[in-house]
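Here are a few short exercises to work through with the model open in your viewer. Try each task before you read the solution under it.

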Amino acid sequence: MTTKERVRHPANEPDPTIGAAMTAQPLTIGRDQKLSTAHEMMRENHVRHLPVLEHGEIVGVLSQRDLYFLETIAGVDVDKDRVDDAMSSDCYTVPPETSVSEVAATMAERHLGSAIVVERGRVIGIFTATDALRLLGKRGKEQHPTEKAS
Amino acid sequence: MTGEQVYRWMTPCPQTIAPDATLFDALSTMRRFGIRHLPVVDEGQLVGLLSERDIAFAERFLEARDACVAAVMNREPFMTVPYAPLAEVCDVMAKKKYGSAVVVDGASVVGVFTAIDALRVIAEQHPRNDSLHPVAHRGE
């Protein structure tokens with residue numbers, strides 16, 4: 001890589017693996033669990049996405065936005081209705097060695113809010129669009145570490 | 001990413017919609033202009049933000065294309081300005097868990113920057129051969 005590329009090219013930004021950028025060991029929920037349980041888990045742990053498991057394998061993802069909508073607009077009974085009724089089964093899974101840029105590209109193309117990181121059939125992490133925002137915010141601080149302090 | 005500003009990555013959004021318009025009207029406008037977010041403007045004031053996903057959920061559970069925009073929109077959208085540093089906007093959005101920012105220039109809404117746009121930023125810093133965005137963004 002030339003000096004010019006290092007200084008000028010946007011690819012100068014690091015491109016870690018998704019395994020390094022993900023939130024490891026995310027909370028998960030079973031597809032037969034009640035929606036109220038899912039909502040409580042999200043609220044108490046300040047997370048917005050829950051990978052949904054069946055027999056230990058990923059079968060979908062549930063977002064807090066789905067839950068809020070169900071509660072406030074549709075008026076469903078969250079004490080009776082189950083995760084299975086609200087989850088998206090079209091979830092995006094990737095192995096941990098995939099680059100962040102590749103995952104980000106796919107998420108952007110498919111307008112996905114999260115990618116579930118799976119290794120040997122087990123969920124080991126999650127990378128959300130909020131993680132992407134955090135990564136960009138962090139890179140800005142690394143490039144201007146003293147701006148705020150001065 | 002040094003010097004990057006929000007306007008370079010936002011989706012320009014000259015179209016707006018009124019709060020009393022129907023979701024059907026909003027969806028028609030989105031489809032016509034190929035956009036997924038519509039700032040909601042009432043008498044020149046930004047009063048909310050409506051996303052295609054908001055409408056999709058409304059339709060899924062309400063069968064409510066006749067419902068008005070105001071019933072479904074986000075009433076407190078995060079606002080920023082075109083020349084705001086991208087990293088700072090992303091930092092605020094991540095900390096507050098905002099999914100989108102309405103970009104305003106004076107009284108005019110000029111675009112919307114979303115978490116999906118943030119994903120595009122990361123993706124385009126390391127473009128693939130089959131990138132959807134063949135025009136490379138050059139550094140400052």
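**Exercise 1.** Find the side chain that has a polar atom 2.9 Å from the backbone nitrogen of Ser51(B), and decide whether that residue is buried or exposed.

*Solution.* Keep in mind that this is a predicted model. Start at the backbone nitrogen of Ser51(B): the polar side-chain atom 2.9 Å away belongs to Asp54(B). Next, place that residue: Asp54(B) sits in helix α2 of chain B, which covers residues 52–62. Finally, check its accessibility. Asp54(B) comes out at 12%, and the cut-off for buried is under 20%, so Asp54(B) counts as buried.

**Exercise 2.** Work out how α7(A) and α4(B) are oriented to each other, and which residues meet.

*Solution.* Two packed helices are described by the angle between their axes and the distance between the axes. Here the helices are α7 of chain A (residues 129–143) and α4 of chain B (residues 86–96), with axes that come within 7 Å and cross at roughly 135°. That angle makes α7(A) oblique to α4(B). As for handedness, α7(A) passes α4(B) in a left-handed crossing. Now list the contacts: on the α7(A) side they include Leu133(A), Leu136(A), Gly137(A) and Gly140(A), and on the α4(B) side Ala87(B), Cys90(B), Met93(B) and Ala94(B) are among them.

**Exercise 3.** Do the same job for α6(A) and α5(B): give the angle class and the handedness.

*Solution.* Take the axes first: α6 of chain A (residues 100–110) and α5 of chain B (residues 115–125) come within 8 Å and cross at roughly 140°. Antiparallel would need an angle over 145 degrees, so α6(A) is classed as oblique to α5(B). The crossing is left-handed. The residues in contact include Val100(A), Ala104(A), Met107(A) and Ala108(A) from α6(A), with Ile116(B), Leu119(B), Ile122(B) and Ala123(B) among those from α5(B).

**Exercise 4.** Locate Asp32(A), and say how far its C-alpha atom is from that of Val83(A).

*Solution.* Asp32(A) lies in the loop between β2 (29–30) and α3 (35–45) of chain A. With 53% relative accessibility, Asp32(A) counts as exposed. Along the chain, Asp32(A) and Val83(A) are 51 residues apart, yet their C-alpha atoms are separated by 6.1 Å.

**Exercise 5.** Count the disulfides, then compare the accessibility of Cys91(A) and Cys68(B).

*Solution.* The count over all chains is zero. For accessibility, Cys91(A) is at 18% and counts as buried, whereas Cys68(B), at 32%, is partly exposed.

Key: Residues are numbered from 1 along each chain as its sequence is written. Chains are lettered from A and ligands numbered from 1 in the order in which they are written. This is a predicted model: local features need pLDDT of at least 70, side-chain atom pairs count only at pLDDT 80 or more; totals for chains, interfaces and linings use all residues. Side-chain values use heavy atoms; hydrogens and water are left out. A disulfide is a pair of cysteine sulfur atoms within 2.5 Å. Buried means under 20% relative accessible area, exposed over 50%, partly exposed in between (1.4 Å probe, protein chains only). Helices (H or I, at least four residues) and strands (E, at least two) are DSSP runs, numbered from the N terminus. A polar contact is a pair of N or O atoms within 3.5 Å; within protein, one must be able to donate a hydrogen and the other to accept it, and residues adjacent in sequence count only if both atoms are side-chain atoms. Axes are lines fitted to C-alpha atoms, for helices over the stretch in contact, and angles run from 0 to 180 degrees between N-to-C directions. Angles under 35 degrees count as roughly parallel, over 145 as roughly antiparallel, 65 to 115 as roughly perpendicular and the rest as oblique. A crossing is left-handed if the near helix is turned anticlockwise from the far one by less than a right angle, and right-handed if clockwise. Contact means heavy atoms within 4.5 Å.
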